[in-house]
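Here is a short briefing to keep beside you while you look through the model. It goes topic by topic, so feel free to rotate the view as you read.

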Amino acid sequence: MIKYADIALNIPFKTEETLTYQIPEEMTNLKVGCRVEFELRNKKMEGLVIEIHFNMPSFELKRIKRQIDKEPIINAEQIQLAYWMRDFYVSSLGESLYKMIPSGRKNQLSEPAPLGSPELLKLNEEQNISYEKIKSSIGKESIHLLYGITGSGKTEVYIHLFHHILTQTDKSAILLVPEISLTFQILHRLELIFGKQLALIHSNLRVSERFKNYLQLLRGEKRIVIGTRSAIFAPVKNLGLIIMDEEHDMSYKEHSSPRYHARQVAQQRIKMNHATLVLGSATPSLESFYHAKKGIINLHVLTKRAKNSSLSTVSVLPKKEDKELVGEDLLFKIKQRLDKKEQVILLLNRRGYSPLIYNRKEKKFLECPNCTSNLCFHNKGKVICHLCGYSDKYLKLQKENFDNLELMGAGTQKLEEYLLEKFPGVRLERLDQDSTKNREVISETISKLINKELDILTGTQMIAKGLDAPSVTLVGVVNAASGLGLPDFRAGERVFSLLTQVAGRAGRGELKGEVVIETLNTDHRILQLSKDQNYDKFYEEEIQIRKSLGFPPFIRLIRIVSRSSKEEKAREVIEKISIILNEFLKEEKIPSTYILGPVECPFYRIDSNFRFHILIKSNEQNKFRDIIRKKIISLSGSQVYLEIDIDPVDLV
Ligand code: ADP
Ligand code: ZN
């Protein structure tokens with residue numbers, strides 16, 4: 001009998017979910033979950049088989065050309081999860097499935113720094129209470145928030161939970177860590193302890209390496225996974241535990257369709273598997289803390305640093321707008337630490353050399369020709385757009401502008417140069433997106449810091465997270481207010497969390513630490529809160545603001561962006577959408593719902609695309625999912641592309 005395969009394609013919204021093709025008789029080994037090649041309108045296409053059946057359709061069918069995978073690379077649970085993603089994020093089934101398969105950049109494999117010991121530490125009282133409670137919930141669906149100050153030893157609790165899973169159950173576990181962060185330390189520690197049971201699905205791995213690890217999980221050969229965002233799809237057998245470290249981190253949100261959040265996918269997976277989810281953070285997302293306070297999530301608190309050191313004192317110092325990049329007080333403190341052979345971390349959350357290029361004659365900043373964004377000056381006379389990657393030569397631009405250009409502001413490259421000048425002979429390294437093109441740099445630099453072969457580490461937010469270096473006694477933040485001006489309701493949360501995280505890098509060993517935050521506006525609310533390192537107080541204030549302005553967690557958001565290289569087309573489509581939504585709102589009389597816009601996005605042009613958006617604020621998300629699927633996604637076509645973002649994390 002002839003067999004047929006339903007195939008899902010990695011393309012956006014389609015009316016027909018899958019295509020049906022005939023399976024050639026000789027392809028006896030084709031199974032659900034394998035990728036295949038076939039022709040569609042004379043073009044070679046690839047898709048994933050999601051069903052095999054005998055139902056002959058009424059029309060004549062083409063045959064599958066080639067089987068790509070010998071064995072399935074997607075299992076039944078993943079297909080079920082993809083259906084949920086399709087519905088929840090209003091995307092296509094194929095796009096959802098393809099998010100689960102390792103793909104992407106061909107990165108270098110990073111050797112983790114040789115650190116840590118293979119032994120489990122004895123948990124302290126607070127850690128033990130959290131551990132026991134979480135452990136006792138394994139086997140039932142439950143969510144926990146492990147809220148512990150920086151250095152309180154959350155990682156050790158995770159390790160004990162993994163150990164329990166491996167030795168006392170036949171379940172598997174997933175540990176999610178943020179992207180581009182200094183998680184090599186955790187990674188290596190886990191490798192030492194769990195050895196062959198551990199699989200990595202990290203963005204630092206080569207695709208081939210990631211794929212190999214992925215297949216081992218699929219076959220049930222390994223039971224513990226550690227990885228970045230997409231590791232939430234790891235096809236482990238008998239999932240029992242998911243841990244999301246730094247659960248507030250923005251890198252857990254995907255930026256292309258389906259725009260999933262790893263936390264939401266995790267919640268769905270623990271539902272399907274009766275598993276346990278642990279969210280860990282020193283600065284939980286407002287949503288998670290809100291739910292913990294309401295008792296929807298179990299709250300566990302670690303109030304003390306594990307090694308009996310205390311949190312560092314933080315001072316917020318005014319920074320005058322003068323030529324000096326770093327203030328006198330901070331410079332003096334750096335010198336003191338260097339004299340004592342202690343280490344310093346300096347954060348400036350801006351990459352490049354000078355973030356602004358000013359045209360004196362025209363009295364404006366130089367913009368990218370493709371984006372609503374200022375061009376940034378980088379080392380070696382390069383001028384770069386951070387939004388689209390456009391680049392040019394400074395000398396050429398200077399000539400074209402009759403020598404009227406002037407560099408303004410400072411990024412990490414300038415800070416590096418400045419510090420080398422101020423402290424001749426200092427051993428300094430810089431970590432930011434530019435210095436880490438070669439991924440080995442990160443682990444090498446961290447090893448150097450830990451082995452005390454480095455005096456100063458400087459960089460962007462990349463250096464704020466996770467790092468555990470006991471001889472760092474001073475952390476300085478230069479120009480701390482950058483980021484607060486962004487037109488985004490989460491800007492405050494982001495800056496507070498960044499400052500708390502980076503402050504947490506100081507004084508983790510025996511030596512007492514100190515943190516200095518330099519800023520133009522010392523009385524900014526968020527900076528004052530960061531000074532107290534008081535998350536609870538920050539939460540109380542911020543949650544009131546969210547409530548009064550009507551933002552999550554009090555109301556859910558859906559964002560629709562229309563973008564096109566033709567301005568009028570993008571505008572036309574967003575206006576059509578606005579009419580559809582407003583009519584729907586009127587007809588259905590949906591309560592407490594607001595449709596904001598359409599307006600231009602804050603970044604109006606990116607990569608030569610014009611962008612408009614609409615924000616739906618409503619707790620009736622499902623009704624809007626329906627109307628979007630029925631009437632709106634069909635407006636997305638070759639000229640105008642629509643982005644549907646359910647629960648967006650930023651609105652730029
Ligand atoms: P967090 O992730 O909460 O910031 P870490 O897990 O990095 O904190 O722990 C901070 C430091 O304390 C690490 O050096 C870790 O080895 C140490 N530590 C954690 N738990 C214990 C413990 N129970 N006894 C001794 N040291 C501990
Ligand atoms: Zn650009």
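Cys371 is buried, with a relative accessible area of just 1%. This is a predicted model, and that cysteine is a good place to begin the tour. From the zinc site we move on to a strand, the nonpolar cores and a group of aromatic rings.

**The zinc site**
- Cys385 is buried as well, since its relative accessible area of 1% falls under the 20% cut-off.
- Four sulfur donors, the SG atoms of Cys368, Cys371, Cys385 and Cys388, coordinate the zinc ion (ligand 2) at 2.2 to 2.3 Å.
- The angles among these four donor atoms run from 104 to 114 degrees, and the site is tetrahedral.
- Along the chain, the donors of the zinc ion (ligand 2) are spaced as C-x2-C-x13-C-x2-C.
- Cys371 sits in the loop between strand S16 (364-365) and strand S17 (376-378), and Cys385 in the loop between strand S18 (382-384) and strand S19 (391-393), so the pair ties together parts that are 14 residues apart in sequence.

**Strand S1 and its partners**
- Strand S1 (residues 3-9) is largely enclosed by the rest of the structure, because six of its seven residues are buried.
- S1 runs antiparallel to strand S2 (residues 19-23), joined by five bridges, and Asp6 stands opposite Thr20 in S2.
- S1 also runs antiparallel to strand S4 (residues 43-53), here with six bridges, and Ala5 faces Ile52 in S4 as its opposite residue.

**Nonpolar cores**
- The largest nonpolar core holds 145 residues, and Phe162, Ile560, Leu581 and Phe624 have the most contacts inside it.
- Helix H16 (residues 567-588) gives the most to this core, with eight residues.
- Leaving aside residues up to four places away in sequence, Phe624 touches several residues, including Leu581, Phe584, Leu585 and Ile616.
- Another core lies apart from the largest one and has 21 residues, among them Leu330, Val344, Ile456 and Leu474.

**Aromatic rings**
- The whole structure contains 23 aromatic pairs.
- Phe289 and Tyr539 form an edge-to-face pair, because their planes are at 75 degrees, with ring centres 4.8 Å apart.
- Phe289 belongs to helix H8 (residues 286-293) and Tyr539 to helix H15 (residues 535-549), so this pair ties together parts 250 residues apart in sequence.
- Both partners are buried: Phe289 has a relative accessible area of 2%, and Tyr539 has 3%.
- Tyr535 and Phe538 make a tilted pair, 5.9 Å centre to centre with 50 degrees between the planes.
- These two residues, Tyr535 and Phe538, lie three residues apart in helix H15, about one turn, and both are buried.
- Ring pairs link Tyr147, Phe289, Phe496, Tyr535, Phe538 and Tyr539 into a cluster.

Methods:
Residues are numbered from 1 along each chain as its sequence is written. Chains are lettered from A and ligands numbered from 1 in the order in which they are written. This is a predicted model: local features need pLDDT of at least 70, side-chain atom pairs count only at pLDDT 80 or more; totals for chains, interfaces and linings use all residues. Side-chain values use heavy atoms; hydrogens and water are left out. Buried means under 20% relative accessible area, exposed over 50%, partly exposed in between (1.4 Å probe, protein chains only). Helices (H or I, at least four residues) and strands (E, at least two) are DSSP runs, numbered from the N terminus. Two strands pair if DSSP finds at least two bridges between them. Donors are N, O and S atoms within 2.8 Å of the metal (3.2 Å for Na, K and Ca); water is not among the atoms, so sites may look incomplete. Four donors count as tetrahedral if all angles lie between 85 and 135 degrees; four count as square planar and six as octahedral if opposite donors are over 155 degrees apart and all others between 65 and 115; anything else is irregular. A nonpolar core is a set of buried Ala, Val, Leu, Ile, Met, Phe, Trp, Tyr and Cys residues joined through side-chain atoms within 4.5 Å. Contact means heavy atoms within 4.5 Å. Rings of Phe, Tyr and Trp (its six-membered ring) pair if their centres lie within 6.5 Å; planes under 30 degrees apart count as stacked, over 60 as edge-to-face and the rest as tilted.
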